[in-house]
Amino acid sequence: MELVKYYEKQMQFLYKDFCYHFMDTETYDQLSLSTEEVGDARDYLKENIEVDVLYIDGSPVAVDVPNFVELAIARTDPGVRGDTAQGGTKPATLETGMVVQVPLFLNEGDVVKVDTRTGDYLGRVATAG
């Protein structure tokens, strides 16, 4: 039976172009991963977020994001005053390109908290403006 060697490294997401670029927070070494290698974590990656990269036998295989992230709303229909009690929702595109359902009163620029395990909106963190 052969043992598989695995470990996690804490890394900081730097930027995305044709790949996703990360920096080891201890050694400052940089790592580039494809969209396929990053997987669903790409929906939550914004510049400077710290993530754990899982290595198996010396190769990066997965990116683990924090359970909760705060992301700004990039695009959504304008908020409607007085609609806070009805509990209605609308789609909102976040700064990473991910789309979540948010309450009707939220606007572009508002910062929201999202559960990365489910992709659900949890609450507003900051108001635009």
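**Exercise 1. A polar contact**

Task: In this predicted model, which side chain is joined to that of histidine 21 by a polar contact of 2.7 Å? Is histidine 21 buried or exposed?

Solution:
- Step 1. Find histidine 21 in strand S2, which covers residues 20-24.
- Step 2. Look at its side chain: the polar contact of 2.7 Å leads to the side chain of serine 32.
- Step 3. Now collect the contacts of histidine 21, leaving aside neighbours within four places in sequence. They are Gln12, Phe13, Leu14, Tyr15, Leu31 and Ser32.
- Step 4. The relative accessible area of histidine 21 is 8%. Buried means under 20%, so histidine 21 is buried.

**Exercise 2. The end of a strand and the loop after it**

Task: Do isoleucine 56 and aspartate 57 count as buried, partly exposed or exposed? What is the sign of phi in aspartate 57?

Solution:
- Step 1. Place the two residues. Isoleucine 56 belongs to strand S4, while aspartate 57 sits in the loop between S4 and strand S5 (59-64).
- Step 2. Compare each value with the cut-offs: over 50% is exposed, under 20% is buried, and partly exposed lies in between. Isoleucine 56 has 34% relative accessibility, so it counts as partly exposed. Aspartate 57 has 52%, so it counts as exposed.
- Step 3. Check who touches isoleucine 56. Beyond residues up to four places away in sequence, these are Val4, Lys5, Tyr6 and Val61. Tyrosine 7 is 49 residues from isoleucine 56 in sequence, yet the C-alpha to C-alpha distance is 6.8 Å.
- Step 4. Turn to the backbone. Phi of aspartate 57 is positive, about 50°, although this residue is not a glycine. Most residues other than glycine have a negative phi.
- Step 5. Try another case: asparagine 48, in the loop between helix H1 (35-38) and strand S4 (50-56). Its phi is positive too, near 80°, and it is a residue other than glycine.

**Exercise 3. The partners of strand S9**

Task: Which strands pair with S9, and in what sense?

Solution:
- Step 1. Start with strand S6 (residues 68-76): it pairs with S9 (residues 111-115) in the antiparallel sense, over five bridges. One of the bridge pairs is glutamate 70 with lysine 113 of S9.
- Step 2. Go on to strand S10 (residues 120-126), which also pairs with S9 in the antiparallel sense over five bridges. Here valine 111 has alanine 126 of S10 as its bridge partner.
- Step 3. Inspect the turn. The hairpin of S9 and S10 has four residues between the strands, and glycine 119 in this hairpin takes a positive phi near 80°.

Methods
Residues numbered from 1 in each chain as written. Predicted model: local features only at pLDDT ≥ 70, side-chain atom pairs only at ≥ 80, totals over all residues. Heavy atoms only, no water. Helix = DSSP H or I, 4+ residues; strand = E, 2+ residues; numbered from the N terminus. Buried < 20%, exposed > 50% of the residue type's maximum accessible area, 1.4 Å probe, protein only. Contact = heavy atoms within 4.5 Å. Pairing = 2+ DSSP bridges. Polar contact = N/O pair within 3.5 Å; in protein donor to acceptor, adjacent residues only side chain to side chain.
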